[in-house]
Amino acid sequence: MRSRRYALALTGLLLFAGLAPAQAGDAMPFSESGFEAARESGKPILIEVSAPWCPICKAQKPILAKLAGEPRFKDLQIFAIDFDSQKDLLRRFDARMQSTLIAFKGKTEVGRSVGETQQEWIEGLLEKTL
């Protein structure tokens with residue numbers, strides 16, 4: 001029982017620190033090391049700027065989850081940035097509003113969207129990362 005608690009605590013700590021790799025399609029909290037590793041490897045990347053109180057962000061989440069589950073987006077890395085508490089990252093990525101999606105293909109930003117809730121348009125943004 002003790003080793004199980006230890007393993008769960010360690011897993012939680014690694015996830016909180018951003019050291020454990022996320023599964024493709026799962027949004028993980030933004031970490032500099034994870035973001036740079038994904039950029040260096042040339043992976044498709046999506047930065048998701050959201051706020052828990054934002055209705056548009058809530059509408060985007062199931063769309064992103066559905067699309068990220070598709071085989072063509074299997075390598076997509078999604079990094080979540082909290083609009084309310086991560087102001088330094090908002091400045092870095094020039095994200096001025098919650099519900100901002102920023103797409104990267106490796107090191108290059110290939111598109112962004114603000115306030116979009118139509119699946120076709122979000123899908124088009126994700127396709128730019130491939």
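A residue counts as buried when its relative accessible area is under 20%, as exposed when that area is over 50%, and as partly exposed in between. The exercises below apply this to a predicted model.

**Exercise 1.** Decide whether R112 and E109, which share a salt bridge, are buried, partly exposed or exposed.

*Solution.* Begin with R112, whose relative accessible area is 35%, so that R112 is partly exposed. Then take E109, which at 36% relative accessibility also counts as partly exposed. The closest N and O atoms of the two residues are 2.9 Å apart.

**Exercise 2.** Work out which elements the salt bridge of E48 and K61 ties together, and classify both residues.

*Solution.* The closest N and O atoms of E48 and K61 are 2.9 Å apart, within the 4 Å that a salt bridge requires. E48 belongs to strand 2 and K61 to helix 3, so the pair ties together parts that are 13 residues apart in sequence. E48, with a relative accessible area of 3%, is buried, whereas K61, at 39%, is partly exposed.

**Exercise 3.** Check the length of helix 3 against its expected span, and identify its buried residues and what covers them.

*Solution.* Helix 3 runs over residues 55-68, and at 1.5 Å a residue its 14 residues should span 20 Å, which agrees with the 20 Å between its end C-alpha atoms. Its buried residues are C57, Q60, I63, L64, L67 and A68. What covers these residues includes strand 2 (44-50), strand 3 (77-82), strand 4 (100-105) and helix 5 (119-127).

Methods: Residues numbered from 1 in each chain as written. Predicted model: local features only at pLDDT ≥ 70, side-chain atom pairs only at ≥ 80, totals over all residues. Heavy atoms only, no water. Helix = DSSP H or I, 4+ residues; strand = E, 2+ residues; numbered from the N terminus. Expected span 1.5 Å × (residues − 1). Buried < 20%, exposed > 50% of the residue type's maximum accessible area, 1.4 Å probe, protein only. Contact = heavy atoms within 4.5 Å. Salt bridge = Lys/Arg side-chain N within 4 Å of Asp/Glu carboxyl O.
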